[in-house]
Amino acid sequence: MSYQKLLTLEVKLLKNETGVKKVYLRYLALTQALDSSAAPGAMDETQKRLLELIAIRHADGNAITVSEAMGAAFIASPATIHRKLDALRESGLIAPMFEGTNRRTKYLVPTQEADTYFHKLGLLIHQALKES
């Protein structure tokens with residue numbers, strides 16, 4: 001499906017609230033199927049939110065530091081965030097990165113495995129749009 005056709009479909013859906021809701025609910029169903037097919041130890045909601053935050057900041061060219069991540073009180077407490085960051089790192093979804101010779105500031109960046117995960121989510125959005 002071309003980008004122009006996708007945009008046309010989106011405009012049609014936006015004119016029809018039921019269609020938008022249907023697409024979103026289909027997307028949720030597809031993501032749950034993706035999550036349930038994942039290996040044991042799949043991400044919980046807190047880990048997903050942290051991974052999304054890390055990926056968004058990295059995509060904007062402004063990688064998040066460990067300290068900034070620990071201060072994301074809208075996600076969880078610092079202790080919980082610390083545990084979840086360790087779990088994301090151990091599962092290969094994020095990696096620490098240092099800038100230049102400064103070894104005091106550790107940045108968090110998504111790995112290729114995280115990029116693959118987000119690619120799959122993007123495909124699910126595309127599929128949900130096509131099915132509506």
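**View 1. Tyr24, Leu25 and Leu28 form a nonpolar surface patch.** In this predicted model, the patch made by these three residues covers about 280 Å². Tyr24 belongs to helix H2, which comprises residues 17-37. With a relative accessible area of 49%, Tyr24 is classed as partly exposed, because this value lies under the limit of over 50% for exposed residues and is not under the 20% that defines burial.

**View 2. Leu124 of helix H6 is a buried residue.** Helix H6 spans residues 112-131 and contains Leu124. The relative accessible area of Leu124 is 11%, and Leu124 therefore counts as buried, the cut-off being under 20%. Leaving aside residues up to four places away in sequence, Leu124 is in contact with Tyr27, Leu30, Thr31 and Leu34. Leu28, a member of the surface patch, is separated from Leu124 by 96 residues in sequence, yet their C-alpha atoms are 9.0 Å apart in space.

**View 3. Helix H3 runs from residue 45 to residue 59.** The 15 residues of H3 reach 21 Å between the first and last C-alpha, close to the 21 Å expected at 1.5 Å a residue. Buried positions in H3 include Leu50, Leu51, Leu53 and Ile54, together with polar or charged residues such as Thr46, Gln47, Lys48 and Arg57.

**View 4. The two ends of helix H3 are marked by Asp44 and Gly61.** At the N-terminal end, Asp44 acts as a cap, with a side-chain oxygen 3.1 Å from the backbone nitrogen of Thr46. Thr46 is itself among the buried residues of H3. Just after the helix, Gly61 adopts a positive phi of about 80°.

Notes
Residues numbered from 1 in each chain as written. Predicted model: local features only at pLDDT ≥ 70, side-chain atom pairs only at ≥ 80, totals over all residues. Heavy atoms only, no water. Patch = residues over 30% accessible without salt bridge, like charges linked within 9 Å, V, L, I, M, F, W, Y side chains within 5 Å. Areas by Shrake-Rupley, 256 points an atom, 1.4 Å probe, with all protein chains shown as cover. Salt bridge = Lys/Arg side-chain N within 4 Å of Asp/Glu carboxyl O. Helix = DSSP H or I, 4+ residues; strand = E, 2+ residues; numbered from the N terminus. Buried < 20%, exposed > 50% of the residue type's maximum accessible area, 1.4 Å probe, protein only. Contact = heavy atoms within 4.5 Å. Expected span 1.5 Å × (residues − 1). Polar contact = N/O pair within 3.5 Å; in protein donor to acceptor, adjacent residues only side chain to side chain.
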